[in-house]
Every structure is written in structure tokens, then in C-alpha cells.
Amino acid sequence: MKNDKMKNQYRVNEQIRVREVRIVGDNGSTVVPTRDALNMAREQGVDLVEISPNANPPVCRLIDYSKFLYQQKKRAKEMKAKQVKVEVKEIRFGPQTDEHDYQFKLKHAREFLQEGNKVRAYVFFRGRSILFKEQGEVLLLRFANDLEDYGKVESMPSLEGKKMFLYLAPKKAGEKKKSQQARDREAAAADQKEPAAQPSKPEVDAEAPANGGLFANAKISAEALKKLTETGDE
């Protein structure tokens, strides 16, 4: 069926019923009566193939029609092979995901992005766990930060019903340049090497779980949110 469809895309020889056609080839083009073009095709042992019917006059070539169809089919197959099929892979979290589960899912998300797929990560809030939606947002922002070398943020965490979503797209080849956050970490590490005053005790989020879980010391500032968005635009 596919071959028949391709054959019907072009008019050949006696199927071409216009008064004159433009013959194109390696030596340029010329307008001749269709009858003369058919005689030229017979003399050369090839076909008169109409390749541009909407031109005035229609454009034709003197070629082997079977070989022409084969080349067209081969070209279409190559174009299809070059098209990268992008899939959206889902990663699901709970609002109080433990560290081991987080690292396991982070590894899979990294592999998905390296394969050229998009990642849709979400936190599912069951029942009263919706009260911990801030913890879910912190989790997704950490997730995006840990994948900054492999994916860029398409949209920041947003709550839809009982789910909070984050969308990541793979970075293109050669796009893995240092993000603003990576540069900030390097600058902070350099500052720590210099003599400095005794750092103050880090503030602990009052709403964090008392069990010392994943979000015990998580603190995301407005500036960090802005930097994550800028990283996604790079």
C-alpha cells in the first residue's frame, strides 16, 4: 500500500497531459512540448516524470522511474531515522520520601534525560499529607537542582489537585555548561578556604519533620528559585 501511495504521487509518461513541460537536468532547464519530451525519454530509455506539477509549465525530469522511487523511499527512511522520538517519563514521590528512595529515583531520572526523554516528576499528596505541600515543593526543587547538568526546568513546581508537578527537558549535546548554581557553589568553596569568622548555626525549618528525614534542614530562598528558573532558560 505504501509503495502504491508513493507511485501515485507523480505522473509519468502518458499520464502527463499538459501542452508543454520544463525539462530540468544537470545542464540546466528547457521548455519543450510534452510530445517532444516523451520522445526524448524513449530515446534515452528512461521515463518522463513530473516532479513539480504546480509550476508553470510543470517541471519534469528524464529519469528511471523505478530508481527514482527507490531513492525517494530511501530518503524518507533516513529522515524518519533522524527524527528523535521524545517520551515523557514519570517519577513519583511522596511528601516525605526517604533519602534512599530519592537517590534511586534521581538515578533513573538522570538516565531518562541522558536518553533524550523528558521527565515529569510529581509529589502525590494522600489525605492529610496535603498539609505538607511546602515539603513537596522543596523536594521537587532539590530534584531539579540535582539534575541541573542533565536537564533544564520547563516549569516550576505547581499544584494540580493532589499532585505537584515539575517538568524537566533534556539538555542538548554541548549544553552542559556550568549553571549559575554550580558557579555559586565553587565561589562558596573558594570563600571557605579563606580565614573567616565562625559561621552561625544554620536555621532549621520549624515545619520540617522531627524524624530527621529528607527535609529536616531544607531551606529554599526566593533567590534560589530565581536561579533555578534562569538555569532552565540557558
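# Exercises on strands, cores and salt bridges

In this predicted model, Ile23 stands opposite Cys60 of strand β4.

## Exercise 1: the strands around β1

Work out which strands pair with β1, and in which sense each pairing runs.

Solution. Begin with the pair just named, Ile23 opposite Cys60 in β4; it belongs with the pairing of β1 and β4, which is parallel and extends over 2 bridges. Turn next to β2, which runs antiparallel to β1 and is joined to it by 6 bridges. Here Gly25 stands opposite Gly28 in β2, and the two strands, β1 and β2, form a hairpin with 2 residues between them. These strands belong to a protein that has 7 helices and 8 strands.

## Exercise 2: the two sides of helix α2

Determine which residues of helix α2 (residues 34-44) are buried, and establish how they are arranged around the helix axis.

Solution. First list the buried residues of α2, taking under 20% relative accessible area as the cut-off: they are Thr34, Ala37, Leu38 and Ala41. Looking down the axis of α2, one finds that these buried residues fall within an arc of 100 degrees, and they therefore line one face of the helix. The spacing fits a general rule, for an α-helix has 3.6 residues a turn, so residues three or four places apart point the same way. Then examine the other side of α2, where Arg35, Arg42 and Glu43 are exposed. Next ask what the buried residues of α2 pack against: the partners are β1 (20-25), β2 (28-33), β3 (47-52) and β4 (59-63). Finally, follow the chain just past the end of α2, where Gly45 takes a positive phi of about 70 degrees.

## Exercise 3: the nonpolar cores

Identify the residues with the most contacts inside the largest nonpolar core, and find which helices and strands each supply at least two of its residues.

Solution. The largest nonpolar core has 20 residues, and those with the most contacts inside it are Ile91, Phe93, Val119, Phe143 and Leu168. At least two residues of this core come from each of β5 (88-93), α4 (99-114), β6 (118-124), α5 (133-146) and β8 (163-170), with α4 giving the largest share, 5 residues. As a general matter, nonpolar side chains in soluble globular proteins tend to be buried together. To see the surroundings of one of these residues, take Leu168, which, when residues up to four places away in sequence are not counted, touches Leu113, Lys118, Val119, Phe143, Ala144, Leu147, Lys152, Val153 and Glu154. A second core, separate from this one, has 10 residues, including Ile23, Val32, Leu38 and Leu48. For the protein as a whole, buried residues make up 32% of the 234 residues, and among contacts between residues at least 6 apart in sequence, 62% join residues at least 24 apart.

## Exercise 4: the salt bridges

A search of the whole structure finds 8 salt bridges; for the bridge of Arg120 with Glu90 and the bridge of Lys118 with Glu154, find which strands are linked, and then describe the network that contains Arg142.

Solution. Start with Arg120 and Glu90, whose side chains meet at 2.1 Å, N to O. The pair links distant parts of the chain, since Arg120 lies in strand β6 and Glu90 in strand β5, 30 residues apart. Arg120 is partly exposed at 26% relative accessible area, and Glu90 is likewise partly exposed, at 41%.

Continue with Lys118 and Glu154, in which the closest N and O atoms are 3.2 Å apart. This pair also links distant parts of the chain, Lys118 being in strand β6 and Glu154 in strand β7 (residues 151-160), 36 residues apart. Relative accessibility is 30% for Lys118 and 45% for Glu154, and residues between the buried and exposed cut-offs of 20% and 50% count as partly exposed.

Conclude with Asp146 and Arg142, where the closest N and O atoms of the salt bridge are 3.5 Å apart. Because Asp146 and Arg142 are 4 residues apart in helix α5, about one helical turn separates them. Asp146 is partly exposed, with 30% relative accessibility, and Arg142 is partly exposed too, with 25%. Glu99 completes the description, as Glu99, Arg142 and Asp146 are linked in a network of salt bridges.

Notes:
Residues are numbered from 1 along each chain as its sequence is written. This is a predicted model: local features need pLDDT of at least 70, side-chain atom pairs count only at pLDDT 80 or more; totals for chains, interfaces and linings use all residues. Side-chain values use heavy atoms; hydrogens and water are left out. A nonpolar core is a set of buried Ala, Val, Leu, Ile, Met, Phe, Trp, Tyr and Cys residues joined through side-chain atoms within 4.5 Å. Buried means under 20% relative accessible area, exposed over 50%, partly exposed in between (1.4 Å probe, protein chains only). Contact means heavy atoms within 4.5 Å. A salt bridge is a side-chain nitrogen of Lys or Arg within 4 Å of a carboxyl oxygen of Asp or Glu. The arc is that of the directions from the helix axis to the C-beta atoms. Two strands pair if DSSP finds at least two bridges between them.
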